[in-house]
Every structure is written in structure tokens, then in C-alpha cells.
Amino acid sequence: MRFSASYLKDYCERLMTARGVDADCAATVADMLLDAELTGVSTHGVSRLAIYLERVERGLVSRHNEARIVRESPSALAIDAGNSLGAVGAKFAMEACVRKARETGCCFATVKNSNHFGAAAYYTRMAAEADMIGFCCTNLTAKIAPHGAAEPFMGTDPISVAVPSDGASVVLDMTPSVVALGKLILAQKLGKEIPLGWALDKDGNPTTDPAAGRAGSLIPIGGPKGSGLALMVEVLSGILSGAGTATHLHDLYEFDAPQGVGHFMGAIDVSKFLDLDAFRAGVAAMSGEIKGLKRAEGVDEVMLPGERSARSAAQKAVDGIDVPEAVCAELNAMGQPYGMKLEEA
Ligand SMILES: NC(=O)c1ccc[n+]([C@@H]2O[C@H](COP(=O)([O-])OP(=O)(O)OC[C@H]3O[C@@H](n4cnc5c(N)ncnc54)[C@H](O)[C@@H]3O)[C@@H](O)[C@H]2O)c1
């Protein structure tokens, strides 16, 4: 079924408030989920609402914004999210970083006692829209095996950096594993094998069986390099925040305890380093030069980080968002007790 972004966002927001989530928290989470849908990251879109709400119902996530600053200096913040919904604590942190960076030139924040926050680019784009460079990463339960290890230690810890430009913002948002776990889940659902190089089984052997890969670990990009990136996310999001590293966290899909994940994010005010116009023009010029380079064989267009997402958002804002039947059924089932049902425009 196809819906406009505003209709779907309103539906998600009403579902959350019907379940007792505070209106401001519901608005933040719905906005983040719809942003993921628009930018083509539907794995982190409305299909996640069911698990977020189930955790709320089970008392594993707060219905309120409990985020508070526990330590503050001119350009550093330590935030305790108080087990708020992930997007609530993360947005609170990035807004505070942008506000303080206007004064000091940059501000970075750690966040602990948080939850799954969706796509990292949602937060870095907040900084880019304020003409700052945004940085964001988060940890989560162990899924990636460190290079040379036969079992997981780091999460599929995404890293995002967004920079403003006279053209479209350049937005990198990536996990340090060769593929996201979602690709294994999908392959298993479709009864397909996965290519060698995606995952290891529980004994550390390369596997083409998605179920064995899920029971084992994901392989980092570029061997020790991707492994090192994920490890540094664990240091920033896990150790520096006090949240703890991946093996000490709790899984989004298990109901034993609050997830307890940590984030690390920040904003750098471009104008404190260089005239904003010069920076924006410089990024636009670099982007143009890259796009004008000779293309490799079989490539139609050289793309920049975030370009596909920006195009997807522009297209879907006009055409609407397609939601798979199974996800519609889930959203309808959640709405049924409140007389809510999705209707195509
Ligand atoms: N909250 C969490 O716990 C969590 C965990 C893991 C992943 N995620 C999210 O999952 C999403 C997907 O991550 P991913 O690593 O699978 O992303 P991906 O592989 O689709 O893209 C990674 C990066 O490569 C860029 N890119 C892709 N194709 C390109 C091309 N042809 N040319 C130039 N650049 C290109 C993208 O713009 C992006 O910046 C992210 O939004 C991430 O934040 C969230």
C-alpha cells in the first residue's frame, strides 16, 4: 500500500500516544521513522514501530523524555537518556551539541542508558541543516567478530558524518560490517544462500547459510580496518559514555532488560574555522569534481554518500511511500484496539 509521508507519520504518532507515549516523544520517533522511509532506509522505518512499542508495553523503555545532562563543560556533555526511546535521547543530545557549538565552535556528547535510535544520519543531518558538520555513532549488541576472532564482540555500530554544501549535504552513514544483519534475516526468510564473505558460523568458519551466520557473527569491512572502526565506536559510544561495550548490552529483540546502549555525537560549527560560504562552496565544488570523474566500467553515475537517500526523499515526498503488506498488517493490528486502520489516499 502507498501512503503520503505526513499520513503515515500521523498514524505512527497516534499509535504511540494511544499507547501512552508522551506526545513530544511520539512526534520525535514518528519523524525519525518517516525520515528513514523517505531516505530509502526502510529497514529502520515504520517496520520498527512494533518492537519499539512492545518494549514500551513491557516496561523496558520509558514513555517519557527522561534525558538529562549529568556533566557539562563548554564543549562537552555527558547525557543520561534515562531509558527514553532512542530517538528521544539522541535528538536531545544533538540539539544540545548544535546549541553549544554556536558558542564554542564544537560540542560533543556521550549518551548512556539509551535505546535503538534508528538511522544515524537522522541526527547528523540535524547539524548539517544548522550549517555544522555532524558526527554520530552508536553501539548495540555484539554481532561483528573482531578481525581474527571467531565470535562477535562489537555491534553493527553505525557511523555517520554529514556536511553542509551549496548543493546537497554530503551524508555518510554506514555500518562497519560487510552487510547489515537485515540482509541475513531476509536471505533466511527467502530460503536463499548468502555469499561467502558476509558472515562466519559460530565456530568462526565462513558460511553461506544465513541461519548459521546469524548464530555466528558478521564480517567487518576491510578486515582489520572495519574491525578497528567498530572498535573505536565501542570506545566512544560504549566506554566513554559509561554505557558499556557491546557484549554487556541487551538485544532489541530480547526482553530480558533495557538495552542500555550508548551513543556519541557532536557538531562542529564550520564558521568558526572558515567562512561558511567558502566551506559550502568547497564541498559543492568537490562533489562536482567527483561526479565529473571518468566512470569505471559498468557504472552509470558516480554517486556521493547520501545522494541516493536525498533522491529517494525527493521522489517519495511526491509519489508517497510503499509499505509492504506484512508491515501494513502489523500497523493495522496495533491500531485495531483504538479503531485505527491504514487507508490508502
Ligand atoms: N541504530 C542502529 O543500531 C543501527 C545499526 C546498524 C545500522 N543502522 C543504520 O542502517 C543503515 C544502513 O547502513 P548500511 O551500512 O547498510 O548502509 P549502505 O551500505 O546502504 O550505505 C553506506 C554508505 O555508502 C553510501 N553509498 C551507498 N551506495 C553508494 C554509491 N554507489 N556511491 C557512493 N556512496 C554510496 C551511502 O550513501 C551510505 O553513506 C544506516 O542508516 C545505519 O545508521 C543502525
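This note covers the ligand site, the two sheets and one helix of the structure above.

1. **Status of the model.** The model is predicted. Please read each distance and angle below with that in mind.

2. **The shell around the ligand.** The ligand is surrounded by 19 residues. The closest are G118, A120, D173, T175 and G306. By type, the shell divides into eleven nonpolar residues, six polar ones and two charged ones. Which strand gives the most to this shell? Strand 7, residues 170-174, does, with four residues.

3. **Polar contacts to the ligand.** Three contacts involve an oxygen atom of the ligand and deserve a look on screen. For T175, a polar backbone atom is 2.8 Å from a ligand oxygen. For V171, a backbone N or O atom lies 3.5 Å from a ligand oxygen. R308 uses its side chain: an N or O atom there is 3.4 Å from an oxygen atom of the ligand. On its own, the ligand has 860 Å² of accessible area, and the protein covers 72% of this.

4. **The seven-stranded sheet.** Seven strands make up an open sheet with mixed pairing. Their order is 2-3-4-11-5-6-7. Which strands stand at the edges? They are strand 2 (68-73) and strand 7, and each pairs on one side only. Direction ignored, neighbouring strands here are turned by 10° against each other on average.

5. **The strand 7 edge.** Strand 7 pairs with strand 6 (residues 159-163) in the antiparallel sense, over five bridges. Within this pair, S160 stands opposite D173 of strand 7. D173 is also one of the closest residues to the ligand. Strand 7 therefore comes up twice in this note: as an edge strand of the sheet, and as the strand that gives the most to the ligand shell.

6. **The strand 2 edge.** At the other edge, strand 2 and strand 3 form a hairpin, with two residues between them. Strand 3 spans residues 76-80, and the two strands pair in the antiparallel sense over five bridges. One residue pair to check is R71, whose bridge partner in strand 3 is A78.

7. **The three-stranded sheet.** A further open sheet has three strands in the order 9-8-10, and its pairing is antiparallel. Why is one side of strand 9 and of strand 10 left without a neighbour in the sheet? Strand 9 (206-207) and strand 10 (217-218) stand at the edges, and each has a single partner strand, so one side of each stays free of a neighbour in the sheet. Strand 8 (residues 199-200) is joined to strand 10 by two bridges, and the two run antiparallel. Here L200 has S217 of strand 10 as its bridge partner.

8. **Helix 10.** This helix covers residues 307-319, 13 residues in total. From first C-alpha to last it reaches 18 Å, close to the 18 Å expected at 1.5 Å a residue. Just after helix 10 comes G320, with a positive phi of about 100°.

Key. Residues numbered from 1 in each chain as written. Predicted model: local features only at pLDDT ≥ 70, side-chain atom pairs only at ≥ 80, totals over all residues. Heavy atoms only, no water. Expected span 1.5 Å × (residues − 1). Near = heavy atom within 4 Å. Polar contact = N/O pair within 3.5 Å; in protein donor to acceptor, adjacent residues only side chain to side chain. Areas by Shrake-Rupley, 256 points an atom, 1.4 Å probe, with all protein chains shown as cover. Nonpolar A, V, L, I, M, F, W, Y, C, P; charged D, E, K, R; others polar. Pairing = 2+ DSSP bridges. Axes fitted to C-alpha atoms, helices over the stretch in contact; angles between N-to-C directions.
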